[in-house]
Amino acid sequence: LSPPSGCTMETKPVITCLKTLLIVYSFVFWITGAILLAVGVWGKLMLGPYISLIADNSTNAPYVLIGTGTVIIVFGLFGCFATCRGSPWMLKLYAMFLSLVFLAELVAGISGFVFRHEIKGTFRRTYTDAVLNYNAEDEASRAVDNLQHKLRCCGVYNYTSWFGSVYYPSNGIPASCCFNSSDCNTEDLRNATVAPSKVYHQGCYELVTSFMETNMAIIAGVTFGIAFSQLIGMLLACCLSRIITANQYEMV
């Protein structure tokens, strides 16, 4: 049985409004996927060496971001198609996907906040290992140099961290620790008395971890904000599917 024409006329504006909102939401959702994909590619190309200092082993974080971004782009387009088509089962599938994304982001945000101390411990361990085994040639050593140069820091806790490295007896403290590269030479950097006047005194571990602690609340807030935004999409998709089904509405 078809619903009364008056009911159909009243329902059309509601469905049109919900479709408009859901299409706008799906477009924004699609953009977040594109951003994740771009960040993943950038992270793989530009941050590979730094990531190796944070993780014990080679991490798949960039690939996770690339994969997640790609899936979100696909489902963002699917959400737009399902909305325009007005298909209840497609809208339900879209809502189910959004619920999975919501749960995944929620778990990731909570895990990052809860295990932040473990992350700091891992960074201390891996960075210490990179300093002690520094040879100025491999990827980890280049990452250490870049980190020290850009953050203007030296060693794990301070420049004395280099005294125990395999590199120090022959070459002294790496030149990346110097605050004036034109006034640094190997002879000075091997001299434990002269070197302190040539290099940065602040350790890199303190700088990196203080940055993490300062911005953890912001990062967690953004993560949870994005996660809970999925609830809006789920609500819109479920409402639209339910109204279309209840009123046997089809878009021509």
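These legends walk through a few close-up views of one predicted protein model. Residues are numbered from 1 along each chain as its sequence is written, and side-chain values use heavy atoms, with hydrogens and water left out. Because this is a predicted model, local features need pLDDT of at least 70 and side-chain atom pairs count only at pLDDT 80 or more, while totals for chains, interfaces and linings use all residues.

**View 1. Helices from start to finish.** The protein chain has nine helices and zero strands; here helices are DSSP runs (H or I, at least four residues) and strands are E runs of at least two, numbered from the N terminus. Of its 252 residues, 37% count as buried, meaning under 20% relative accessible area with a 1.4 Å probe, protein chains only.

**View 2. Inside the largest nonpolar core.** A nonpolar core is a set of buried Ala, Val, Leu, Ile, Met, Phe, Trp, Tyr and Cys residues joined through side-chain atoms within 4.5 Å. This one has 26 residues, and Tyr 127, Cys 154, Trp 162, Ile 173 and Val 199 touch the most other members. Helix 5 (116–132), helix 6 (139–151) and helix 9 (204–247) each give two or more residues to this core.

**View 3. Meet the neighbours of Trp 162.** Leaving out residues up to four places away in sequence, Trp 162 touches several residues, including Val 131, Tyr 134, Gln 148 and Pro 174. A contact here means heavy atoms within 4.5 Å.

**View 4. A second, separate core.** This core of 19 residues includes Ala 95, Met 234, Ala 237 and Leu 240.

**View 5. Residues 63–81 up close.** UniProt, in an unreviewed entry, lists 63–81 among its "transmembrane region" spans; such annotations may be inferred rather than shown by experiment. The span is 100% helix, and its end C-alpha atoms lie 27 Å apart.

Methods. Buried < 20%, exposed > 50% of the residue type's maximum accessible area, 1.4 Å probe, protein only.
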